[in-house]
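Hi everyone, thanks for making time this morning. I'd like to walk you through a structure that is new to most of us, so please have a look at it on the screen first.

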Amino acid sequence: METGGIRPPPLAGRCEMAALSARESGLRLAAAFRLKTRPLAVYGSETLPGGISRLSEINRCFAVSLYRIATGRDVSALYVSADTQEGCCPGGLSHVGYTPLPDDIRYFVSTGKKGVHGGVAEYLKARPELVDRCTAAAGPIHPPGKYLIVQACETLPEPGPVVRSFCFFGTAEQIRNMAGLVHFDRDDPFSPVIVPWGSACSTYITFPAGLAENTPHDTAFMGPQDPTQNHSLPPGMMALGIPLAMAGRMAANLDASFVVKRPQVAFPPHRKT
């Protein structure tokens, strides 16, 4: 499948160091961390594979739809494009580059404004100007192709598409352990795993897939911190968005790391107190 927009990840869909396909790496990480959810792969394409549902056929919200794919079996993939806006969250489409960011979003996510959504606000930022600065800091968002597709790894074909990133859903313990493996081969104690401000779909898709121009490279994104999505996730559930190349290194590092060598530490038996 072809990809458009900005340059795709290295090795054309194969993960660095591990010599595993994207499908294999996603499934290996999910098994190693004992996830009960399906790992999801994010990619772009100029043509639409068959059997993939429009976002609006699952739910108008990316965050809700991705979690349903990860936890269910009825639907295995979704797509969006500039031509499939009906029934989709306008904010979500803008966060993946298919539509401009709505002008009134700066008020809606901060203090509200009379005449904008009836004055309703989410109070996620202290001032509209802070929303503007965060948006500018992330930079322009470039869609990965005519279609953006999110698909359960287990259903990816082999050879597969040029995957850009993965989204993993897990318990707090599982996601903490995944973050620990990100740090395994890194000498920077601060930046390899971050909790970014923004929408849940930015944490799941935009940032790990590198769609925002100023996204830090070689970074995993934990969250979401957006409380408006607390309704879509169980209280103990979190997500980690991981770029392709990083996931490849993680898969290659598993056998040398605490995950395999010290599983009783990574996954201790928990007793109710």
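Let's begin with one pair of side chains. D218 and R186 form a salt bridge, and their closest N and O atoms are 3.3 Å apart. Now, where do these two sit? D218 is in the loop between α8 and β7 (220-223), while R186 is in the loop between α7 (172-183) and β6 (193-194), so this pair ties together parts that are 32 residues apart in sequence. Please keep in mind that what you see is a predicted model.

How open are the two partners? D218 is partly exposed, with a relative accessible area of 30%. R186 also counts as partly exposed, at 24% relative accessibility. The pair belongs to a network of salt bridges that links D185, R186, D218 and R249.

How many salt bridges are there in the model? The count comes to seven. Let me show you another of them, between E154 and R38, with an N to O distance of 3.3 Å. E154 lies in the loop between β4 (147-152) and β5 (163-171), and R38 lies in the loop between α1 (22-32) and β1 (40-45), so here the salt bridge ties together parts that are 116 residues apart in sequence. Is R38 buried or exposed? R38 is buried, with a relative accessible area of 3%. Its partner E154 is partly exposed, at 33%.

There is also a salt bridge between E57 and R54, where the closest N and O atoms are 3.6 Å apart. In that pair, R54 is partly exposed, and its relative accessible area is 34%.

Let's turn to the cysteines. How many disulfides does the model have? The count comes to zero. As a reminder, a disulfide is a covalent bond between the sulfur atoms of two cysteines. So why is C61 not in one? Its closest cysteine sulfur is in C89, and that is 6.2 Å away, which is too far for a bond, since the cut-off is 2.5 Å. C61 counts as buried, at 15% relative accessibility. For C167, the closest cysteine sulfur belongs to C153, at a distance of 10 Å, and that is again too far for a bond. C167 counts as buried too, with a relative accessibility of 0%.

Next, a serine. S165 lies in strand β5, and this residue is buried, with a relative accessible area of 0%. What does its side chain meet? A polar atom of the S165 side chain lies 3.5 Å from the backbone nitrogen of A209.

I've saved the pocket for the end. Rolling a probe the size of a water molecule over the atoms shows where empty space is left. The largest pocket has a volume of about 1,100 Å³. It is lined by 50 residues, and the closest to its centre are G91, H95, G198, S199 and S202. Which elements give two or more residues to this lining? They are α3 (62-71), α4 (90-95), α5 (105-108), α6 (128-138) and α8 (200-206). And what is the lining made of? The residues divide into 28 nonpolar, 18 polar and four charged.

That's my tour for today. Thanks for listening, and I'm happy to turn the model around on the screen for anyone who would like another look.

Definitions and conventions: Residues are numbered from 1 along each chain as its sequence is written. This is a predicted model: local features need pLDDT of at least 70, side-chain atom pairs count only at pLDDT 80 or more; totals for chains, interfaces and linings use all residues. Side-chain values use heavy atoms; hydrogens and water are left out. On a 1 Å grid over the protein atoms alone, a cavity is a set of points where a 1.4 Å probe fits but cannot get out, and a pocket is an open set with protein on both sides within 12 Å along at least five of seven lines; lining residues have an atom within 4 Å of a point. Grid points are joined across faces, edges and corners, and a volume is the space filled by probe spheres set on the points. Helices (H or I, at least four residues) and strands (E, at least two) are DSSP runs, numbered from the N terminus. Ala, Val, Leu, Ile, Met, Phe, Trp, Tyr, Cys and Pro count as nonpolar, Asp, Glu, Lys and Arg as charged, and the others, Gly among them, as polar. Buried means under 20% relative accessible area, exposed over 50%, partly exposed in between (1.4 Å probe, protein chains only). A salt bridge is a side-chain nitrogen of Lys or Arg within 4 Å of a carboxyl oxygen of Asp or Glu. A polar contact is a pair of N or O atoms within 3.5 Å; within protein, one must be able to donate a hydrogen and the other to accept it, and residues adjacent in sequence count only if both atoms are side-chain atoms.
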